[in-house]
Each structure stands twice: as C-alpha cells, then as structure tokens.
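Colleague: I have a model open and I'd like to walk through it with you. Could you show it to me before we start?

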Amino acid sequence: MSSPPSSNDPKNDVDLSSSSSSSIPKPQTQKIPGEYGRPFFGPIKDRLDYFYFQGREEFFRSRMLKYQSSVFRGNMPPGPFISPNSKVIILLDAISFPVLFDLSKVDKKDVLDGTYLPSLSFTGGYRPCAYLDPSEPHHSKLKCFFFSILSSRRHTFIPLFQSTLASHLFDPLELHVISNKDTANFNNLSDNLCFDFAFRLFFNKNPAETIIGSNGLKIVTKWLLFQVAPVLSLGSSNKLLNFFEDLIFHTFPLPWFPVKSGYNKLYKAIHSSSSSILDEAQRMGIDKDEACHNLVFMAIFNAYGGMKAWFPSLIKWVGLAGPQLHQQLVNEIRAIVKAEGVTPSSLEKMTLTKSTVYEALRMEPAIPYQYARAKRDFVIESHENAVFEVKEGEMLFGYQPFATKDPKVFERAEEFLATRFVGDGEKLLKYVYWSNGRESENPTVENKQCPAKDLVVLLSRLMLTEFFLRYDTFAVEVGSLPLGSSVTVTSLTKASSNH
C-alpha cells in the first residue's frame, strides 16, 4: 500500500482555495464554454446521453475534454416535462466546486433534487428543512431541532449501532458465507441494518412493533423511489426497457397516490413514537405536524437514504483493497481496543481507520450531486487562473466524484489509498465534500452542511472497528446500482485470535 503524499509535495503546501486572496492581478473573465442546444430537444439529447448513450461518467468526461475546461454549460436530467429549466453551469474541479457552499453567493432553496422539485404531497405539503435556504427563518428552527435530537441521543450512538451490527449484519453474514459456504448480498443486509438503526435511534422504537410492522423497508423504498426516480436509471442494456424507463421515470412526475397509504402509516408510526420530541419541537416554535413530516424526511430520506448508499461503498473499497490493508486495520484496531475499549476517544486514535473512511468518502460519496442558484453576479475561479462570470439566477451543478478526484489536488487521484489522510495528509480533508461542505468545517444553523456529519464518520469508523474485531479478512464482488454500488461478500475469515 502506498504511503501518503509527501508533505513536501506542492499539492499539499499550496492552499488552492485561497487563490482569490493573491496579490497577483486577476486575469480577465472568460466566457463559460458549452451549449444547451435547441429548446426542448437539447435537454432531451443530454438526458439520453447521460442515462443511456454515454453514461454518467463519460457524459461529464467527454464534455470536459471537448471544451478543455472543468467548468462548462450543459443540461442536467430530467428535463422536459419535469424540470422547468434544465440549464446548469457544471463544475468538475476541486477549486470551483466549493462555491456551491458559499451562501454569500448562492441560494440553496428547493435545489436538493436539482432542476426539479418533487410534489410536496410526498412531504405532507411542507417544504422540509433540506429544501430551505438558511436565509429562510424556518431553516434555523428546524436545524436546531435536529441538532437537539442528535445531542440527546449521543450516548446511544455506539451501543445501539454495535448491537444492530451484530444482529442485522454479522450474524446473517456468517450464516450465509461461513456456515452455508455461500455468498451474501451486503446491500440487503445493510438496508435492514440502516432502517432498524435509524428508527431506533431517532424514535427509540423497534419499527416492527409499530403500525408499519414488517413492511417498513417496502414503504420507505417506494416513497424514496417515487421522489428521486427522475434522476435514476436501472442501468439495463435492453433498449426497449430503456425506452419505457425514460418515458415513465424521466418524462412525467410520478404521482403521489401509489405511496399515500404507506406514507401515512409511516407518518403515524413516527408520530406515535415521538411524543416527547414533538413536544420539544412545539416549544421551539415548530408546528407538531410540520415537525413530524420533517422527522420522516430526516430519518428516512436523509439518514436511512444516505446510509443505504454509503455503507456498501465503504465495504466495497475496503474489500477491494485486499488482505494487506485488512491486516493493517486488524493490527491498529485490536491493539487500541485491547487497551481502551470501543469509545469515541479510542476511535479517534485509529489514524489508519479514520483515513480509510475519508478515502472511501472521497472516492464514492453517497450523494454525488450538489446544486445551488446564483443569488447575485459573481466570478468562479478554476485551475490555470481560469475565471468565469456567473449571472444572478443561473443554476450551478457540481458532480462531486470528479471534484474529489481532481488530479491537480490529489496524487494518484483515481486510486484508493487508505493512508492518504494520515499525518500531513489531513491537510487535504478540506477537499473532501461529501457532507455538503468541507470535511474540515462543521455544520451550523447558518449553513447547509449535514447536521449528522460527525455521526456518519463515527458510525463508519465503528463499522470497520467491529468488522475487524470479528474478522481477519474478506473478499467482495462489486457492481453498480441506480444509487451507489452493489456488494456481494464472497468469503469471510473469522478472527484468528481473541481481542
């Protein structure tokens, strides 16, 4: 395994994000390259290229090469007849990307899903906190509400996740892979783990004991799909299936009524399990009904949906890294746990484990897209002193996996290097953007950074810690899904010594 980049490397020494403060005269602004094509037909052509003819990665890469720029104009799906306006300025490098977090320049109102807004029927008629810009008064109330919930649950993070890992992941993994000498679909196990953990964490209740019974995963999967279908593809190679998929998913908004019954059950289950939380919301000036719909969105769309996409990606990259990294993680984790147990402070001391998590977040962030709308005229800086003018009202779009694999910032940017963020490599964390902000910054009520940012990192470290306390090594086969990666565990070796 490669060592982290040298601290003498100019990529580590130069603060690329502070180039705007240089005393060197600014170059003249350039016209942003790219084109939108003819009205109606241009967005459809780009949509077909994006989903079917080129695919996501090639869609961006080919245009970046064509225009010789990591900043250019284009259309983002879904287009007609779902998006009122598909035109965006696309940002694909580590320098231009952070403008999406600069709330002095951009507005984040109703841009969570990009160029379209799902019907508010899916969220009880309310715009949840994720749809609000921090300038809107309700944003601060709702985000404070979320912070208070997370703070009140902080002592349960580790023990609850440990017990859920054991019952929902490790026990069935061993049954399938070791006892039955078969393979195990990690995604299915992870989905059950994430849903049960999120429900118990936020509502202190086993979801199976509520009105949703054993149908919880089916309900939330359907609810999520009907909202995000316009930006997903099943990835079929069958042209006929692709035609119907494009017609059904990407041309007209999916209706609310097929998910209404399930969502109402989910709402009632959460409402009946959250009386003290809802009382607290009311004391904070938030209507109980609005607070409950926000709880559904936070726990299911944000928390469950994010973990559903993220944990398979984490295991994918660690699994593909192979036995050498596994042995190094085993040595670090077991030594520290033997001395100190599993605590927040001991997890913080696991430098390789921490770096491994950050590197996986860099390689494959759970949510690859970020959108924002220019609230005034300003300029965007990119590499090579390129400066582009943005006009008020224009939509900005960043594709995060290109920005966090920028070869002008990261050495061997396309490779998974578990030691990348060890030692001086921590300086590069400011270019890791998975949380809707820099990893080196913290969420506040004034920004849009994920309120559970630190919890996600903690749980990721904890998953690796518990995994390598039980197992010496494992192997995986991986593939692609509409959201994230598919992971199949093909072999699993139990720990060779007690810990």
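Modeller: Please keep in mind that this is a predicted model. A good place to begin is strand β10, where the bridge partner of Asn185 is Thr488.

Colleague: Which strand does β10 pair with there, and how do the two run?

Modeller: Strand β4, residues 184-185, is joined to strand β10, residues 485-494, by two bridges, and the two strands run antiparallel.

Colleague: How many bridges join β9 to β10?

Modeller: Nine bridges join strand β9, which covers residues 471-480, to β10, and this pair runs antiparallel. Within β10, Thr488 is the bridge partner of Glu477, and Thr488 is also the bridge partner of Asn185.

Colleague: What about the turn of that hairpin, how many residues lie between the strands?

Modeller: Four residues lie between β9 and β10 in the hairpin, and Gly484 there takes a positive phi near 90°.

Colleague: Changing topic, in what order do the strands of the five-stranded open sheet come?

Modeller: The order is β1-β2-β8-β5-β3, and the pairing in this open sheet is mixed. As general background, strands of a sheet pair through backbone hydrogen bonds, either parallel or antiparallel.

Colleague: And which strands stand at the edges?

Modeller: Those are β1, residues 71-75, and β3, residues 106-107; each has a single partner strand, so one side of each is left without a neighbour in the sheet. For β3, two bridges join the strand to β5, residues 369-374, and they run antiparallel, with Arg373 in β5 as the bridge partner of Asp107.

Colleague: Which strands does helix α3 lie across?

Modeller: Helix α3, residues 56-67, lies across β1, β2, β5 and β8, and runs at about 130° to β1.

Colleague: Let's turn to empty space: how many cavities of 30 Å³ or more does the structure hold?

Modeller: The structure holds one of that size, and about 40 Å³ of space lies in the largest cavity.

Colleague: What lines the largest cavity?

Modeller: The lining is made up of Thr351, Lys354, Ser355, Tyr358, Phe421, Val422 and Glu426, and these residues divide into three nonpolar, two polar and two charged.

Colleague: One last residue, Thr356: is Thr356 buried or exposed?

Modeller: Thr356, which is found in helix α14, residues 351-363, counts as buried because its relative accessibility is 0%, and the cut-off for buried is under 20%.

Colleague: What is Thr356 in contact with, leaving aside its neighbours within four places in sequence?

Modeller: With those neighbours left aside, Thr356 is in contact with Val318, Leu325, Leu329, Phe416, Ala418 and Leu464.

Technical notes. Residues are numbered from 1 along each chain as its sequence is written. This is a predicted model: local features need pLDDT of at least 70, side-chain atom pairs count only at pLDDT 80 or more; totals for chains, interfaces and linings use all residues. Side-chain values use heavy atoms; hydrogens and water are left out. Two strands pair if DSSP finds at least two bridges between them. Contact means heavy atoms within 4.5 Å. Axes are lines fitted to C-alpha atoms, for helices over the stretch in contact, and angles run from 0 to 180 degrees between N-to-C directions. On a 1 Å grid over the protein atoms alone, a cavity is a set of points where a 1.4 Å probe fits but cannot get out, and a pocket is an open set with protein on both sides within 12 Å along at least five of seven lines; lining residues have an atom within 4 Å of a point. Grid points are joined across faces, edges and corners, and a volume is the space filled by probe spheres set on the points. Ala, Val, Leu, Ile, Met, Phe, Trp, Tyr, Cys and Pro count as nonpolar, Asp, Glu, Lys and Arg as charged, and the others, Gly among them, as polar. Buried means under 20% relative accessible area, exposed over 50%, partly exposed in between (1.4 Å probe, protein chains only).
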